[in-house]
Amino acid sequence: MYAFLAYGLSADYVKALSLYDQAIEVLEWGRQVWRNVTKEDRGVVFEDTFLRGVKCLRLDCYIKVCIL
């Protein structure tokens, strides 16, 4: 959420990229730790689609940085 706000509201793309990287790191860690737990118990946050969504947001931020 902080990365999305840094990207959208304050246009601080470097900060947003750093926060997106941290979020992806935590999501990948959680997916590894709770890989044998059912989706009902761990929630949808560690599903492929959620991780892909965060990575797409990060990619959008990378594109914005390249345009500037």
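These are my notebook entries on a predicted model of one protein chain.

**Entry 1: the overall layout**

I started with the secondary structure. The protein chain has four helices and zero strands. Reading along the sequence, I get the pattern α-α-α-α. Next I looked up the extent of the C-alpha trace, which spans about 45 × 15 × 15 Å along its principal axes.

How much of the protein chain counts as buried? I find 22% of the 68 residues. I also checked the contacts in the protein chain between residues at least 6 apart in sequence, and 51% of them join residues at least 24 apart.

**Entry 2: surface and charge**

The accessible surface of the protein chain comes to about 5,100 Å². Carbon and sulfur atoms account for 60% of that surface.

Then I tallied the charged side chains. There are 9 positive and 9 negative ones, and the centres of the two sets lie 3 Å apart.

**Entry 3: a nonpolar patch**

Which residues make the nonpolar surface patch? I noted M1, Y2, F4, L5, L9 and L57, and the patch covers about 730 Å². Helix α1, residues 2–8, gives the largest share of the patch with three residues.

I took a separate look at L9, one of the patch residues. L9 sits in the loop between α1 and α2. Is L9 buried or exposed? L9 has a relative accessible area of 70%, and the cut-off for exposed is over 50%, so L9 counts as exposed.

**Entry 4: A11, in the loop with an odd phi**

I stayed in the loop between α1 and α2, where A11 is also found. What caught my eye is the backbone: A11 is not a glycine, and yet its phi is positive, about 55 degrees. For background, most residues other than glycine have a negative phi. As for cover, A11 counts as partly exposed at 40% relative accessibility.

**Entry 5: L19 in helix α2**

Helix α2 runs over residues 13–33, and L19 is found in helix α2. Why does L19 count as buried? L19 has 18% relative accessibility, and buried means under 20%, so L19 falls on the buried side of the cut-off.

What does L19 touch? Leaving out residues up to four places away in sequence, L19 touches Y2 and A3. Y2 is familiar from the nonpolar patch. I also checked L19 against R58: the two are 39 residues apart along the chain, and their C-alpha atoms are separated by 9.2 Å.

**Entry 6: L59 in helix α4**

Helix α4 covers residues 48–67, and L59 is found there. L59 counts as partly exposed at 49% relative accessibility. I paired L59 with A16 to see how they sit: the two are 43 residues apart in sequence and 11 Å apart in space, C-alpha to C-alpha.

**Entry 7: salt bridges**

Side chains of opposite charge can pair when their charged atoms come close. I went looking for such pairs here, and how many salt bridges does the count come to? The answer is four. I followed up on the ones below.

The R58 pair came up in my list early. R58 forms a salt bridge with D21, and the closest N and O atoms are 2.9 Å apart. This pair links distant parts of the chain, with R58 in helix α4 and D21 in helix α2, 37 residues apart. R58 has a relative accessible area of 21% and is partly exposed. D21 is partly exposed too, at 31%.

Next I looked at K55. K55 forms a salt bridge with E28, with the closest N and O atoms 3.5 Å apart. K55 lies in helix α4 and E28 in helix α2, so this pair ties together parts that are 27 residues apart in sequence. I looked up the cover on each partner: K55 counts as partly exposed at 34% relative accessibility, and E28 counts as partly exposed at 37%.

My last pair was E47 with R42. E47 forms a salt bridge with R42, and here the closest N and O atoms are 2.4 Å apart. R42 counts as partly exposed, at 23% relative accessibility.

**Entry 8: what I want to remember**

Helices α2 and α4 are linked by the R58 and D21 pair, and K55 in helix α4 with E28 in helix α2 is another pair to keep in mind. On the nonpolar side, I would go back to the patch that includes L9 and L57.

Conventions
Residues numbered from 1 in each chain as written. Predicted model: local features only at pLDDT ≥ 70, side-chain atom pairs only at ≥ 80, totals over all residues. Heavy atoms only, no water. Helix = DSSP H or I, 4+ residues; strand = E, 2+ residues; numbered from the N terminus. Buried < 20%, exposed > 50% of the residue type's maximum accessible area, 1.4 Å probe, protein only. Contact = heavy atoms within 4.5 Å. Areas by Shrake-Rupley, 256 points an atom, 1.4 Å probe, with all protein chains shown as cover. Lys, Arg positive; Asp, Glu negative; His and termini not counted. Charge placed at Lys NZ, Arg CZ, Asp CG, Glu CD. Patch = residues over 30% accessible without salt bridge, like charges linked within 9 Å, V, L, I, M, F, W, Y side chains within 5 Å. Salt bridge = Lys/Arg side-chain N within 4 Å of Asp/Glu carboxyl O.
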